[in-house]
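Colleague: I'd like to go through this model with you and hear how each label was earned. Could you take the terms as they come up?

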Amino acid sequence: MSRLAAALLALAALAVAFDARAETAHVAAAAMVQVTGGEVALLFPVEGEELATVAPFAIDATPVTNARFLAFVREHPEWAKGAVPRIFATEGYLAHWGEDGGLGAADPDAPVTNVSWFAAAAYCEARGARLPTEAEWELVARAGERLADGYLEPGYRERVLALVNGRAPVPGPVGRGELNAYGVYDMHGLVWEWVFDVGAALNTADSRSAGDRRLQLLCGGGSAGAADTSDYAAFLRYAFRSGLSGDYAGGGLGFRCAS
Amino acid sequence: MRDKSGNLHAGAIVGGAALVVALAVVLALFGGRDANAVEPPADDPRVQLTLAETPAHAAHDLTINAVWAERALRADEEDQVPVADLPVIKGALGYAPHAAPPVDRDYRAHVQVELEVVEKVMEIADGVEYRFWTFGGSVPGPMIRVREGDYVTFTLQNHPSSLMPHNIDLHAVSGQGGGAEATLIAPGQQATFSFTALNPGVYVYHCATAPVGMHIANGMYGLIVVEPKEGFPAVDREYYVMQGDFYTKGDFGEPGLQEFDMLRAIDEDAAYVVFNGRVGSLTGDNAMQAKVGETVRLFVGNGGPNLTSSFHVIGDVFDRVWLEGGAIVNRDIQTTLIPAGGAAVVEFDTNVPASLTLVDHSIFRAFNKGAIGSLVVTGEADPVVYSGRIDVRPYHPEATAGY
Ligand SMILES: [Cu+2]
């Protein structure tokens, strides 16, 4: 794709995002960061597709906060705590909020957690956006502090693993943690994040490669076929996604939107 | 072998028996003996090994060997009982250094086991903290003890406060990933599966979620004992010891909360090698106890993730070792290898009072990395077995002794 075309596409994406925000101004959108796209090596690539090509996209600079999700819930009461059918969210849905459906003791600026995939997707949709794909999310996560490819920065793997391991039991406010080369905050240090195609857990039945990946993540010999066996933080992420179903609502899992 | 209700198929038993008979025939032919001879000749060296002159040992070993040799030929009636008709009991657990209680049953049961995964900060040494990932809140996780043929319903729970997904691979389980695939759960979930304990023995269980090495290195392992149908011979004391190696940013003894060091783990450069998850878990006030004249059984596992243990007890000889936790019992052993992800049962009869020292005889691990424990034996001294120091005096070699 030519530079011009990419620029036009990016502009178009921005315009769409802008329109969406104008429509739903009450759900104040987080600042989005433009990502040029490119090729990303997934941890367990399908044979012959070692590099996934990612088109230019925009992604939230921070995870969605409790305050922003509360604004969404006020506008869409079908997603209120206690109103969501069990098939869309387990009973842990928004468990850290107050009993009245308000934030209770939850920090408004902390990432919203205890949200199911369905709720996260509905939030992004209401903003005219969507959840990032796994490839998009991994492309951004792979960025170092200065370079788009963190592997080229010494100590990247250990730094990211330490960020994941060092997470507080209750996440603090967004936008104060690590900042990567794209200008995106908190990819590793606060919470796990939903992706659109959450992976094996949602499609094992009809995807041979996803099923294989699931086994690779579970067995001792599981590193066979992995792109980089020393990227432990990546293993942790992929394993976490493998254990998920769309109704899961847990305290360590939030999301951000893309468009 | 087994249908869905858990029953052994008669065909499989007959087939197994036929195989054993065929093997016997082949052995007999090549050994130049009559295939109909049931008793091996008395001059067979194997018989002499079994009927060793020490009567107590001989009786013990004979029981064990006879039981294991007959196993393949028996078609147990109890195996025909449908799972639905088995009595349901709650599995008893044992927290190290205490073994789970002996099964003490002569029938199959439907055993229900629940294990909770908890991530928690604990001391790995005095003044040194580590963020452990645990089964049951302890390292090692609790010992599970069932009987051969039991139908086990296993529930794994991942505490909501966990950061990571976890699962369990029980080496005693025949099935995908030893249960790993069935039990992968995010924080705040629980998963259940069931299995039949087909093989007796002592088996490691561990978390098998990627990156597996990291989950094991953080303490996620324990033992499941599947007692043979006849049970283990009764002893006076049973203990549960499990070795593990740990990889921290700081070197051994460096105080404060220590992070997991991935590069160090990949290099197999352990900062700590310990018994039961902590330096000093089995020393001082935590030492194991026994009395003179008792028989002590240690269920010893090795979680790894990397290092094979040269397991040794200073000051006694293992009278019996169930090699690798399996069916072969060896005798008079000084040091037994326990592989990462493996186990052994060691037994010794205590003869004299002593403070016995458990070590990994890859000895720098004991003296510099923590792999040391104590078993204090109290009671009557026997100077014939061991005198203690009789005499001490200056020693002056002859000036002409070659210097
Ligand atoms: Cu684990």
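Modeller: Sure, what follows is a run through confidence, the interface, the strands and a few backbone oddities.

Modeller: Two ground rules: this is a predicted model, in which local features need pLDDT of at least 70 and side-chain atom pairs count only at pLDDT 80 or more, while totals for chains, interfaces and linings use all residues. Residues are numbered from 1 along each chain as its sequence is written, chains are lettered from A and ligands numbered from 1 in the order in which they are written, and side-chain values use heavy atoms, with hydrogens and water left out.

Colleague: What are the mean pLDDT values of chain A and chain B?

Modeller: pLDDT is the predictor's confidence in each residue, from 0 to 100. Chain A averages 82, with 75% of the residues scoring at least 70. Chain B has a mean of 86, and 80% of its residues reach 70 or more. For the whole model, ipTM is 0.82 and pTM is 0.82.

Colleague: Which element of chain A has the lowest mean pLDDT, and which the highest?

Modeller: Elements here are DSSP runs numbered from the N terminus: helices are H or I with at least four residues, strands are E with at least two. In chain A, helix H6 (residues 200-203) has the lowest mean pLDDT, 39, and strand E6 (residues 253-254) the highest, 98. Residues 1-29 of chain A have pLDDT below 50, with 21 contacts beyond near neighbours in sequence; a contact means heavy atoms within 4.5 Å. Residues 200-210 of chain A are below 50 too, with 13 such contacts.

Colleague: Where does pLDDT stay under 50 in chain B?

Modeller: Residues 1-38 of chain B are one such stretch, and the model has 37 contacts for them beyond four places in sequence. Residues 44-54 of chain B are also below 50, with twelve contacts beyond near neighbours. Where pLDDT is low, the predicted coordinates should not be read in detail.

Colleague: How much area do chain A and chain B bury between them?

Modeller: About 2,200 Å², 69% of it on carbon and sulfur atoms. Buried area is the accessible area (1.4 Å probe) that two parts lose on being put together, summed over both. The contact takes 25 residues from chain A and 25 residues from chain B.

Colleague: How many salt bridges does the rule find across that interface?

Modeller: Zero. To count, a side-chain nitrogen of Lys or Arg must lie within 4 Å of a carboxyl oxygen of Asp or Glu. The rule does find two residue pairs in polar contact, both at pLDDT 80 or more. That takes a pair of N or O atoms within 3.5 Å; within protein, one must be able to donate a hydrogen and the other to accept it, and residues adjacent in sequence count only if both atoms are side-chain atoms. On the chain A side, the elements giving two or more residues are helix H5 (156-165), helix H7 (208-218) and helix H8 (232-242).

Colleague: What makes E3(B) and E4(B) a hairpin?

Modeller: Two strands pair if DSSP finds at least two bridges between them. E3(B) and E4(B) (residues 128-135) have eight, in the antiparallel sense, so they pass that cut-off. Ala125(B) has Val128(B) as its bridge partner in E4(B). Two residues separate the strands, and Gly127(B) in the turn has a positive phi of about 80 degrees.

Colleague: How many bridges join E3(B) to strand E1 of chain B?

Modeller: Three, with strand E1 (residues 88-90) and strand E3 (residues 110-125) running parallel. Val88(B) stands opposite His110(B) there. E3(B) also pairs in the parallel sense with strand E6 (residues 151-158) of chain B over eight bridges, where Gln112(B) faces Thr153(B).

Colleague: What is the strand order of the open sheet in chain B?

Modeller: E2-E5-E10-E9-E7, with mixed pairing. Strand E2 (93-94) and strand E7 (169-170) are the edge strands, as each pairs on one side only.

Colleague: Which backbone features stand out?

Modeller: Most residues other than glycine have a negative phi, and most peptide bonds are trans. Leu94(A) is not a glycine, yet has a positive phi of about 55 degrees. The Ala210(B) to Pro211(B) bond is cis, with omega near -10 degrees, and so is the one from Gly304(B) to Pro305(B), with omega near 15 degrees.
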